[in-house]
Amino acid sequence: MGKLDKQWDYYISKEEEFLKNCYGKFLVINESLEVVVMDTIGDAYKLGCLAYGLGNFLLQECVERKPVYIRSVFYPELEGKRFARTKGGFRMVDIKKEESL
C-alpha cells in the first residue's frame, strides 16, 4: 500500500459529500484523515508542507473526475526494440545492438 493510499481511499469514500460541500476548492488530507479546505492550490500546498511535511498529505482538487481509458497493445515484432528520435522523425533501434534497423 502506498504512502497516500489511505488518504485517497478516504477521499473516494467521501467524494460525493466533498463535491456537494467543497466543489472547486482544494482539500488537504493528512494521515489522520483530517481535512482542510482551501481556496487556492498554492495555499493548500503551503499549508500541507508547513503543517504535515512534503509527501505526508494528499492535495486534491474537488471537482468531478473524468474517466480515464487505457489501452495496452503488445506487438511481438517490436519486443527488444526502441525508437530513437532523429531529425527526420524516428528510427527503430535494436536495444541489444544499439544500431538502426
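How many aromatic pairs does the structure hold? This is a predicted model, and the structure in it holds three aromatic pairs. Besides these rings, the briefing follows an open sheet of three strands, a helix that packs on that sheet, and a nonpolar core of seven residues.

**The sheet**

- The three strands of the open sheet are arranged in the order β2-β1-β3, and their pairing is antiparallel.
- The edges are formed by β2, residues 35-38, and β3, residues 57-61, each of which pairs on one side only.
- Averaged over neighbouring strands and ignoring direction, the turn of one strand against the next is 20°.
- Strands of a sheet pair through backbone hydrogen bonds, and the pairing can be parallel or antiparallel.
- Between β1 and β3, the antiparallel pairing extends over five bridges, and among the partners, F26 is matched with E61 of β3, while I29 is matched with L58 of β3.
- Between β1 and β2, which also run antiparallel, there are four bridges, and the bridge partner that F26 has in β2 is M38.
- The hairpin of β1 and β2 has four residues between the strands, and in this hairpin L33 takes a positive phi near 65°.

**The strand β1 and the helix on the sheet**

- The strand β1 is mostly covered, since five of its five residues are buried.
- In a regular strand, side chains alternate between the two faces of the sheet.
- In β1, the residues F26, V28 and N30 point one way, whereas L27 and I29 point the other way, and all of them are buried.
- Helix α1, which spans residues 5-13, packs on the sheet and touches β1, β2 and β3, and its direction makes about 35° with that of β3.

**The nonpolar cores**

- The largest nonpolar core consists of seven residues, namely Y11, F18, C22, L27, I29, L58 and C62.
- At least two residues of this core come from α2 (15-22), and at least two come from β1 (26-30).
- Another core, of five residues, lies apart from it, and its members include V28, M38, A44 and F57.
- Leaving out residues up to four places away in sequence, I29 touches Q7, Y10, Y11, E34, V35, F57 and L58.

**The aromatic rings**

- A pair of aromatic rings is described by two values, the distance of the centres and the angle of the planes.
- The ring centres of Y10 and F18 are 6.3 Å apart and the planes stand at 65°, so this pair is edge-to-face.
- Y11 and F18 also form an aromatic pair, which is stacked, with 5.6 Å from centre to centre and 10° between the planes.
- One aromatic cluster is formed by W8, Y10, Y11 and F18.
- Among the members of this cluster, Y11 is buried with a relative accessible area of 0%, F18 is buried with 8%, and Y10 is partly exposed with 23%.

**A buried glutamate in α2**

- E15 lies in helix α2, and because its relative accessible area is 12%, E15 counts as buried.
- The side chains of E15 and R65 are joined by a polar contact of 2.8 Å.
- When neighbours within four places in sequence are left aside, E15 is in contact with V63 and R65.

Notes: Residues are numbered from 1 along each chain as its sequence is written. This is a predicted model: local features need pLDDT of at least 70, side-chain atom pairs count only at pLDDT 80 or more; totals for chains, interfaces and linings use all residues. Side-chain values use heavy atoms; hydrogens and water are left out. A nonpolar core is a set of buried Ala, Val, Leu, Ile, Met, Phe, Trp, Tyr and Cys residues joined through side-chain atoms within 4.5 Å. Buried means under 20% relative accessible area, exposed over 50%, partly exposed in between (1.4 Å probe, protein chains only). Contact means heavy atoms within 4.5 Å. Two strands pair if DSSP finds at least two bridges between them. Axes are lines fitted to C-alpha atoms, for helices over the stretch in contact, and angles run from 0 to 180 degrees between N-to-C directions. A polar contact is a pair of N or O atoms within 3.5 Å; within protein, one must be able to donate a hydrogen and the other to accept it, and residues adjacent in sequence count only if both atoms are side-chain atoms. Rings of Phe, Tyr and Trp (its six-membered ring) pair if their centres lie within 6.5 Å; planes under 30 degrees apart count as stacked, over 60 as edge-to-face and the rest as tilted.
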